[in-house]
Amino acid sequence: MKIIVLNESKIPMPLSNVEKRCAVTPSSVQRLVKKGAELHIESGAGLLSGYADKEYVDVGGIIIDDVNSALLTADMLVSVNKPAESQLSVMKKGAIVVGHLDPFFEQPLVESIANKGLTAISVEMIPRSSRAQKMDALSSQASLAGYVMVMQAANYLPSILPMMMTPSGTIKPAKVFIIGAGVAGLQAIATAKRLGANVLAYDTRPVVAEQVESLGGKFLKIDIGETGQTKDGYAKELTDEQKAKQQDAQRDAIADSDIVITTAQLFGRKPPVLISKETLALMKPGSVVVDMAAQSGGNVEGSVAGEVAQVNGVTVIGTGNWSQAVARAATDMYANNIYNLVDEFYDTETNAFGLNLEDDILSGCVIAHNGAITNDMLTNAYKGA
């Protein structure tokens, strides 16, 4: 089984971003080679995450310069993000493409993959089940994002997070309000708490209150009627009336906070706007807001994708690409996710990836196969259903 790994720092990214992560580490390459796979890694693929070409060669990887030539006979292409169209166009029919394909917002890409007879595995579509947890790249990268967002906010805040008692007086701990207690939100709560801040959090799913409190945060209770979560653990979309009640109830908490971090993202849909410019104006000058969803539409009015903006005296961070700020850790975690995915379905007798579309994991994350889009959620979304 011939697997190709791209140097994604060469692929143009939105907002002039340079991808620092890689889909494999020397450790994951070594394990895949032992299983019988042949790893061809584009020169420099791991450099920005701290792994030199020699480290891959030492464990059995093959460093290549001409990716397009290697792709002609590749059985699988693994990447962090979507490959370039020029790379997909030279792959043989039946080859497998694995990565963050952003399928709900990349319809032309998914249709192109299907039309070329390739099989697409979108890591975002891996189900959030106990069995699939070790392959859940969306969660692994979101966890790092939660950590990074707190650290970035702390860097911009003109004060400190912990209480400090000195002969010249006492500095009160910073107040941090985190909206959304999913994977990223929970990690942000834990990080802010470890740094000594007072942490308040809110989520539309009351079921997560216990998790928030177990990390040392306080849970803001807002009665907006019936809410809940999807079978995959995502928050359900609110009605307009519920959104209005939520924003009204959050206004005081936001105004009283030094740092606010929004992590509300809806799977397959644009994120909700949670904080208006009028609410930002209620915050103390120098306060910091981090908008995790800035690059996909934004939770905060006035946030700018890829930038740090000033809105009514508040610093609003919308830089995105959060896990890339800790590229080494992000690469380690993503490479393990990819290894676990391949390992789960690797057939050692045929030395191939077993595409059993009846399997509950593959039935969710395989979105194109045999010339067709195979995921019902996507086909309905593309039809506007």
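Leaving aside its neighbours within four places in sequence, which residues is F353 in contact with? In this predicted model, the list for F353 runs to M1, M76, I96, I121, L341, V342, F345 and L362. Let's start from that spot and work outward.

F353 belongs to the largest nonpolar core, a set of 64 residues, and together with M76 and V98 it touches the most other members. If you want to know which element to colour here, pick helix 11 (residues 327–345), which gives the most to this core, with six residues. There is also a second, separate core, made of 31 residues, and A181, I189, I259 and V288 are among them.

Two names from that second core, I259 and V288, lead straight into a sheet. The sheet is open and has seven strands in the order 11-10-9-12-13-15-14, with mixed pairing. At its edges you'll find strand 11 (218–219) and strand 14 (308–311), each of which pairs on one side only. Further in, strand 9 (residues 175–179) runs parallel to strand 12 (residues 259–262), and four bridges hold the pairing. One of the residue pairs to look at there is V176 with I259, its bridge partner in strand 12.

Now move along to strand 15 (residues 314–317), which is a nice one to turn around on the screen. In a regular strand the side chains alternate between the two faces of the sheet. Here, V314 and V316 sit on one side, T315 and I317 on the other, and all four are buried. They count as buried because each has under 20% relative accessible area, and both faces of strand 15 are covered.

Strand 15 has partners to look at too. With strand 13 (residues 288–291) it pairs in the parallel sense over three bridges; with strand 14 it runs antiparallel, joined by four bridges. T315 is a handy place to see both pairings: V288 stands opposite T315, and so does Q310. Strands 14 and 15 form a hairpin with two residues between the strands, and in that hairpin N312 takes a positive phi near 50 degrees.

On to the charges. Side chains of opposite charge can pair when their charged atoms come close. A search of the whole structure turns up 16 salt bridges, and a few deserve a look. In the one between D75 and K92, the closest N and O atoms are 2.9 Å apart. D75 lies in the loop between helix 3 (67–71) and strand 4 (76–78), and K92 in the loop between helix 4 (85–88) and strand 5 (96–99), so this pair ties together parts that are 17 residues apart in sequence. D75 is partly exposed, at 27% relative accessible area, and K92 is partly exposed as well, at 33%.

Next comes D360 with R131, where the closest N and O atoms are 2.5 Å apart. What does this pair tie together? D360 is in the loop between strand 17 (352–353) and helix 12 (362–365), while R131 is in the loop between strand 6 (119–122) and helix 6 (137–156), so the salt bridge links parts that are 229 residues apart in sequence. Both ends are partly exposed: D360 has a relative accessible area of 47%, and R131 comes in at 34%. This pair doesn't stand alone, as salt bridges that share partners join R131, K134, E344, D359 and D360 into one network.

For a salt bridge in another setting, try D203 and R205. Their side chains meet at 2.8 Å, N to O, and both residues are buried.

Two stops remain. M164 is in strand 7 (residues 164–166) and is partly exposed, with 39% relative accessibility. Leaving aside its neighbours within four places in sequence, M164 is in contact with G169, T170 and I171. Q211, by comparison, is 47 residues from M164 in sequence and 28 Å from it in space, C-alpha to C-alpha.

Finally, look at the surface for a nonpolar patch of about 270 Å², made by V18, L47 and L48. L48 sits in the loop between strand 2 (38–42) and helix 2 (53–58), and its relative accessible area of 45% makes it partly exposed.

Technical notes. Residues are numbered from 1 along each chain as its sequence is written. This is a predicted model: local features need pLDDT of at least 70, side-chain atom pairs count only at pLDDT 80 or more; totals for chains, interfaces and linings use all residues. Side-chain values use heavy atoms; hydrogens and water are left out. Patches are made of residues with over 30% relative accessible area and no salt bridge: like charges are joined within 9 Å, nonpolar side chains (Val, Leu, Ile, Met, Phe, Trp, Tyr) within 5 Å. Accessible areas come from the Shrake-Rupley method with a 1.4 Å probe; for residues, only the protein chains shown count as cover. A salt bridge is a side-chain nitrogen of Lys or Arg within 4 Å of a carboxyl oxygen of Asp or Glu. Buried means under 20% relative accessible area, exposed over 50%, partly exposed in between (1.4 Å probe, protein chains only). A nonpolar core is a set of buried Ala, Val, Leu, Ile, Met, Phe, Trp, Tyr and Cys residues joined through side-chain atoms within 4.5 Å. Contact means heavy atoms within 4.5 Å. Two strands pair if DSSP finds at least two bridges between them.
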